[in-house]
Amino acid sequence: MRRLCLIFFLFSLTVVAVDIKKLPEEEQSLASTVDPWGLAFSDQLARFTSYFESYPEAEFLAGVTHNLVKLWPNKYWFRGMVLGPGKVHQTARLWAVPDSTVSFQVVILPRTGAQQARYRVVATAGVPVSIFREIFVTLDNPPYPRFQSQQWPDPLLLENSCELSGTQAGVFLIELKIPTGETRQRLTCDIRVSGDRGQPVRFSVPVEVVKLRIQPKDFPLVAWFSRERLSEVQFQEMCSLALEHHLQVFCQEYLASLWVEPQKFEQFIRFLMSKGQRYFQIHRVDQALYDFLKERNWLSYFLVYSNVDEPSEETFVNKNIPFAENFRRQFPGLRIFLASEYHPQMEKGCDIWLTDLSSSRYDPSNFELPEKPLLWHYYCHLPINFQMRAPLVQAPNMLIDNPALEHRIALWMSWYFRAKGVFIWAGNREWNTLKDFWQTGSLNVQPYKYPYGGIHHGNGFLVYPPVTPEGQVLPSLRLKILRDGMEDIAILTAIEKNYARQFKNTLSPVPDVFVHPHYYDHLPEKLLQHRDYLLAQLRKLGL
């Protein structure tokens, strides 16, 4: 204990000895600040300086961390493994299954006072590898509790280099796609980080592949999309992008525009089906469209939204139920879905009921699920005609300034509490908030007007518009995290179906990962450890 205290004492002396006036101007401006965790800059600087003690000649170092934390653009704020030039390092192993994706983050950390330079990340493996540069969005201060950082990572550019100066860190997401028929038990991803000056940093990431067959699209995750100003080719590419991440596309307005030419309508539906889509929304139904769907045996795939969104109990009785009764008589076999707080006789007004985890009339730990309607969970962040039993911001949600853990653990909760699907507002229906985004990098959101209120950063889009008019729609970090969550659900489902006896006491994420939607472990490592433990146990069974 005395030795430990002496180490801390000597470490504190090195911090005190730093002459702030000798630091670069940007560092001097941070002298009286703290990071989003509340750590003083003097301690950030001490930690950062210690990284270079083993590499005194290095121009930069490389940081490595898992994919379930949102990193910051300030190099002094990084927490994770830090590697330097010289020998080839090896990180902790990742666990995967065929037909899934694994990823990790690489961070470039130039030394204090480093001159502006360009840096590059190269990744090679025996499977397809993609490298995305994480772009930071500048946000206004939210009216709800959040880490107080104005810049959050979300848009992803498919590129492997960046230019850095001052206090900037370069942040990249490295993604490995494990093919459906992969037979090897172990793969290795080799990483090389280089700059204009200095020696490169090299390391390898081992990946264990467990031969578990999963079906990540069997659990419906859906969101509303619109064509906006995209060409038809761009719109189809956006739909493909969403479905690659197991997010099904509801685009009722676009389908309505295609229905004037039934052949084009059918071609587009079959295009989405070929990508794995199994649920579709149509805006209005006439007899011709109904007969068309019935003839192709597609009625069970198609949904219609109810006539009044998020109704009060009085509105539900007086408007939603009569609408449903009339609709079912006229178009039997088509189903109605509705976002709403729970009301008596819910099954009379809809076939699929969407509700928020914080609803006062729905507590998943003790709510007795009715046989009808089917329950889907709903993430919107601005419900109306709704009372909460606990603060909305204490449950997982889908905004840019929600921690990464929340997007993924939300899907685990939906699986555990036996929801039959998840609906998110929305895929790209709020692109109007991204005006001049690629010129400014700022998300200047206007508060929603009554009856919706406040600012909700990223509510309404999970993809970003093209950088150039002819370019491709870009994924978001949130979309990647949701993809991981969907594959987690598929792993949990496959284990439950095929290995229930062997995992009787270890499959459940409760209480280690979460206890309740408003009570969960905020360390993302707990979720990752639970997932990896299950896959490691499958390996012991011979998979």
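S204 makes a good place to start in this predicted model. Leaving out residues up to four places away in sequence, S204 touches two groups of neighbours: V88, H89, Q90 and T91, and then T188, C189 and D190. The residue itself belongs to strand β12, which covers residues 201-209. Its relative accessibility is 9%, and because buried means under 20%, S204 counts as buried.

From here, let us turn to the strands that surround β10. Strand β10 spans residues 170-178, and eight of its nine residues are buried, so the strand is largely enclosed by the rest of the structure. Which strands pair with β10? One is β5 (residues 100-110), which runs antiparallel to β10 and is joined to it by nine bridges. You can pick out this pairing at Q105, whose bridge partner in β10 is L173. Another is β7 (residues 129-139), again antiparallel, with five bridges to β10. Here S130 is the residue to look for, as it stands opposite E175 of β10.

Next comes a parallel sheet. Eight strands form an open sheet in the order β14-β13-β20-β19-β18-β17-β16-β15, and their pairing is parallel. The edges are held by β14 (248-250) and β15 (280-281); each has a single partner strand, so one side of each is left without a neighbour in the sheet. Moving inward from β14, you reach β13 (residues 221-224) and then β20. Strand β13 pairs with β20 (residues 422-424) in the parallel sense over three bridges, and V222 stands opposite F423 of β20. Towards the other end of the order, helix α8 (residues 313-330) lies across β16 (302-305) and β17 (335-339). The angle between α8 and β17 is about 160°.

The loops that follow strands of this sheet hold some backbone details worth a look. After β13, in the loop that leads to α4 (232-244), you will find E228. Its phi is near 55°, a positive value in a residue other than glycine. E228 is partly exposed, with a relative accessible area of 42%. A second case is H381, in the loop between β19 and α10, where phi is positive at about 75° although the residue is not a glycine. Is H381 buried or exposed? With a relative accessible area of 5%, H381 is buried.

The loop between β18 (352-355) and β19 (374-379) contains P373. The peptide bond from K372 to P373 is cis, with omega near -5°. Another cis peptide bond runs from Y450 to P451, with omega near 10°, and P451 sits in the loop between β21 and β22.

That loop, between β21 (442-443) and β22 (463-464), also holds H457. At 0% relative accessibility, H457 counts as buried. What is H457 in contact with, leaving aside its neighbours within four places in sequence? Its contacts are L139, D140, N141, P142 and Y144, together with L399, I400, D401 and V445. D140 shows how the fold brings distant parts of the chain together: H457 and D140 are 317 residues apart in sequence and 8.6 Å apart in space, C-alpha to C-alpha.

Now for the largest pocket, which has a volume of about 720 Å³. It is lined by 33 residues, and those closest to its centre are W37, V69, F147, P403 and H522. By class, the lining has 20 nonpolar, six polar and seven charged residues. Three elements each supply at least two residues of the lining: α10 (404-416), β25 (519-520) and α13 (524-540). The largest share, three residues, comes from α10.

Helix α13 takes us to one last residue, L538, which lies in it. L538 counts as buried, its relative accessibility being 0%. Residues up to four places away in sequence aside, L538 touches V210 and L212, then I495, Y499 and F503, and also L543. Q502 is 36 residues away from L538 along the chain, and the C-alpha atoms of the two are separated by 9.3 Å.

Key:
Residues are numbered from 1 along each chain as its sequence is written. This is a predicted model: local features need pLDDT of at least 70, side-chain atom pairs count only at pLDDT 80 or more; totals for chains, interfaces and linings use all residues. Side-chain values use heavy atoms; hydrogens and water are left out. On a 1 Å grid over the protein atoms alone, a cavity is a set of points where a 1.4 Å probe fits but cannot get out, and a pocket is an open set with protein on both sides within 12 Å along at least five of seven lines; lining residues have an atom within 4 Å of a point. Grid points are joined across faces, edges and corners, and a volume is the space filled by probe spheres set on the points. Helices (H or I, at least four residues) and strands (E, at least two) are DSSP runs, numbered from the N terminus. Ala, Val, Leu, Ile, Met, Phe, Trp, Tyr, Cys and Pro count as nonpolar, Asp, Glu, Lys and Arg as charged, and the others, Gly among them, as polar. Two strands pair if DSSP finds at least two bridges between them. Contact means heavy atoms within 4.5 Å. Axes are lines fitted to C-alpha atoms, for helices over the stretch in contact, and angles run from 0 to 180 degrees between N-to-C directions. Buried means under 20% relative accessible area, exposed over 50%, partly exposed in between (1.4 Å probe, protein chains only).
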